[in-house]
Amino acid sequence: MSAIALIGAPGSGKSTLGPLLAQRLDVPFVDVDAVIEEREGRSIRDIFADDGEDAFRALEATVTLELLTGSGVVSLGGGAPLTPQIAEALDGVPTVWLQVDAHHAVTRIGLDQGRPLLAGGGIRGTLIALLKARTPVYASLATVSVDTNGREPDALVDVIVAAL
Ligand code: S3P
């Protein structure tokens, strides 16, 4: 079995749904951000702060491309699909887009300040802008699109498994 990619904005539920989906399909789950943090020995937030976003995106591309050649459910960072190399690598990989609106994303994220692009207040406004810019990219890459707003994880896993 090849990889199954999970894409979507921060707060779309990738980290919650990914492990549940993998369990249901009886395949491994891997989170790209977690692998980057483990390999680097520092948080995504520190990588952004120390080296800047471009350096993070380069690391993200290397790790994402590697993990997409493996098997199991691979959860991508919210901004990953905007990197052309990653978008190309998704061609031919079943790609599940977890759709979320800003309201539900903010509720899920809460006050988590571990996300550098959302730090510093104005999370809702930042998410609205980010969703506007990214939605066409996510839509163009998705083989399965699921509206997650207000829906429970187990029900969403049912929908995804049926659609894959
Ligand atoms: C990012 C999302 C984060 C992480 C990094 C950048 C983004 O992942 O990769 O902070 O550009 O939206 P999540 O989508 O898991 O929050």
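Here is a short walk through this structure, from its overall build to one strand, one annotated residue and the ligand shell.

This is a predicted model, in which local features need pLDDT of at least 70, side-chain atom pairs count only at pLDDT 80 or more, and totals for chains, interfaces and linings use all residues. Residues are numbered from 1 along each chain as its sequence is written.

Let's start with the whole protein. It has eight helices and five strands, where helices (H or I, at least four residues) and strands (E, at least two) are DSSP runs numbered from the N terminus. Along the sequence they come in the order β-α-β-α-α-α-β-α-β-α-α-β-α. The radius of gyration, taken over C-alpha atoms, is 15 Å, close to the 15 Å that the globule rule gives for 164 residues, so the protein is as compact as a globular protein of that length. That rule is 2.2 Å times the number of residues to the power 0.38.

Strand β1 (residues 3–7) is a good place to look next. Five of its five residues are buried, so the strand is largely enclosed by the rest of the structure. Here a residue is buried if 20 or more other C-beta atoms lie within 10 Å of its own, exposed if 12 or fewer, and partly exposed in between, with C-beta atoms placed from the backbone. Ala3, Ala5 and Ile7 point one way from β1, while Ile4 and Leu6 point the other way. In a regular strand the side chains alternate between the two faces of the sheet.

What does β1 pair with? Strands pair if DSSP finds at least two bridges between them. Four bridges join β1 to the parallel strand β3 (residues 72–75), with valine 74 as the bridge partner of alanine 5. Three bridges link β1 to β4 (residues 95–99), again in the parallel sense, and here leucine 6 has valine 96 as its partner.

Now to Ser15, where UniProt, in an unreviewed entry, places the feature "binding site"; such annotations may be inferred rather than shown by experiment, feature names are shortened, and positions are given in the numbering used here. Serine 15 sits in helix α1 (residues 14–25) and is partly exposed, with 16 other C-beta atoms within 10 Å.

Finally, the ligand is surrounded by residues that include Lys14, Asp33, Gly77 and Arg115, each with its C-beta atom, placed from the backbone, within 6 Å of the molecule.
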